[in-house]
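Okay, thanks for coming, everyone. I'd like to walk you through one model today, so have the viewer open and follow along.

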Amino acid sequence: MSDKLFDMIVFARVVETGSLSGAARHLGLSLAVVSRTLARLEARLGVRLANRTTRTLSLTDEGSAFHIRCVRILADVDEAEIEATRGRDTASGLLRITSTFAFSRRRLAPLLQEFQSLHSGLRIHLQASDSVVNLVEGGYDLAVRFGALADSSMIARQLAPNVRVICGAPAYLDRRGRPATVDDLTEHECIDYGDPPQGFWTLTDDTTMPIRCNLTCNDGELAHGWALQGAGLVLKSIWDTHGDIEAGRLEVALPKMRIPAAPIHAVYPHSRHAAAKVRLCVEFLADRLRKEAASLARFTQLRDAF
C-alpha cells in the first residue's frame, strides 16, 4: 500500500509540474527514480497514463481519469492526518465551492465569509456559475444547488426549503394586466435564463408550458434585472426575489399557484468520510439557511410552502 501511495504522489506531481524533471525537483528525487516510478505504475495498471518526450508530457484519457482519483485520494489522506492531529472540529486547507450566480452573491458570499472567520486555517474559493459543473473533474469539494439530485454518484443533503414564484415589476403588470390563470401567461412577455435557456416553465403538477421570450440569458441575475426594469415576467426562487417583493419593486403573479419546489441542497462526492472542511461547512450552511427560511414564511401567500 505504501508503494501505491508513493506512486500516486509521484504521478500527481508529474501532472502538476508538467514534466518528469519538474516532479523530480519538487519531490527531491532523481529523474531516474521518477521515470522508473511512472513506468512501474503503468505496468501495474496495464495502461499508458501519459505520452512523454524529453520536453513535453500529455495525459491519455486513462491518465486523466486516474489523475482525478489520485488527487481526491491524496486530499483524503491529508484531511485524515489533519483531523487526527487537530480534531474533527477544525476546517483547514482550501475549500472549493460552486453555486449559481444569484445565490452566490446574495446568500453564500456573506455566509462563507462568516464561516471562514471561524476557521483561521481555512481558505475558500467560491465559483459562481449557472451551469451544472462536474464536481470531480472541476476539483470542487462542494456545490450548493437547487432541485432534485440527478447524479447518484454524489451525496446530497437538503439545506433549506425553496419556493419559486413568477413575478414582475408592478409597472409591467399595470401595463399588461395581471394574469388570473396559467393560460393568461401565454399573453405575457417572459424572461428565460439558463445554460442554455429551456424555453418553457415547469408549473403545477410538473406540467410544462412554452413561454414567449424576447429576452434570454445565461445569468439569473441579468434576468432578475430585466424583470425589475419592467421587461416581463420571470420565474425565480423566493430566496432571490423576496427583498424586491417586500420592497414593492416586484410583485408575485398568480400567488395562489403552487409551483414545484426546488429545495436547496449541498452536493459533494462520495467518500468514506466527508472531509472536516466539507462536513463543517455543510452543517454551518444548514443552520444559517434554516433560520433564514423561517423568516421567509412571513410572506402570507407563501407560508404554506414553508
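**Strand 14 and its surroundings**

Let's start with strand 14, which is covered on both faces: Ile264, Ala266 and Tyr268 are buried on one side, and His265, Val267 and Pro269 are buried on the other. Put as a count, 6 of its 6 residues are buried. That fits a pattern you all know: in a regular strand the side chains alternate between the two faces of the sheet. And before anyone asks, yes, this is a predicted model.

So where does strand 14 sit in its sheet? The sheet is an open one of 5 strands, ordered 4-3-5-14-6, and the pairing is mixed. At the edges you find strand 4 (122-128) and strand 6 (154-160), each with a single partner strand, so each has one side without a neighbour in the sheet. From one strand to the next, the twist averages 25°.

Now look at who pairs with strand 14. On one hand there's strand 6, running antiparallel to strand 14 and joined to it by 6 bridges. If you want to click on specific pairs, Ile155 has Tyr268 as its bridge partner, and Arg157 has Ala266. On the other hand there's strand 5, also antiparallel to strand 14, with 4 bridges between them. There, Arg145 stands opposite His265.

What packs on this sheet? Helix 5 (residues 101-118) lies across strand 3, strand 4, strand 5 (142-146) and strand 14, and it runs at about 180° to strand 4. Helix 10 (residues 276-296) packs on the sheet too, touching strands 3, 4, 5, 6 and 14, with its direction at about 30° to that of strand 6.

**The other sheet**

Okay, next one. Here we have an open sheet of 5 strands in the order 11-8-12-7-13, again with mixed pairing. Its edge strands are strand 11 (215-217) and strand 13, each pairing on one side only. The twist here averages 40° from one strand to the next. Strand 8 (residues 190-193) pairs with strand 11 in the parallel sense, over 3 bridges, and Tyr193 stands opposite Cys217 of strand 11. Helix 9 (residues 238-247) lies across strand 7 (164-168), strand 12 (233-237) and strand 13, at about 120° to strand 12.

**Two backbone spots to check**

Most residues other than glycine have a negative phi. Leu254 isn't a glycine, yet it has a positive phi of about 50°. You'll find Leu254 in the loop between strand 13 (251-253) and strand 14 (264-269). Is Leu254 buried or exposed? The cut-off for buried is under 20% relative accessible area, so at 12% Leu254 counts as buried.

The second spot is Gly28, just after helix 2, with a positive phi of about 70°. Helix 2 itself (residues 20-27) has Leu20, Gly22, Ala23 and Ala24 as its buried residues.

**A pocket to finish**

Last stop: the second largest pocket, which holds about 620 Å³ of space. Helix 1 (2-17), helix 4 (61-86) and strand 3 (93-99) each give two or more residues to its lining, with helix 4 providing the largest share, 11 residues. There are 23 lining residues, and Val71, Arg72, Leu74, Ala75 and Lys277 lie nearest the centre. What's the make-up of that lining? It divides into 12 nonpolar, 2 polar and 9 charged residues.

Right, that's my tour. Over to you.

Methods. Residues numbered from 1 in each chain as written. Predicted model: local features only at pLDDT ≥ 70, side-chain atom pairs only at ≥ 80, totals over all residues. Heavy atoms only, no water. Buried < 20%, exposed > 50% of the residue type's maximum accessible area, 1.4 Å probe, protein only. 1 Å grid on protein atoms, 1.4 Å probe; cavity = no way out; pocket = protein on both sides within 12 Å on 5 of 7 lines; lining within 4 Å. Points joined across faces, edges and corners; volume = space filled by probe spheres on them. Nonpolar A, V, L, I, M, F, W, Y, C, P; charged D, E, K, R; others polar. Pairing = 2+ DSSP bridges. Axes fitted to C-alpha atoms, helices over the stretch in contact; angles between N-to-C directions. Contact = heavy atoms within 4.5 Å.
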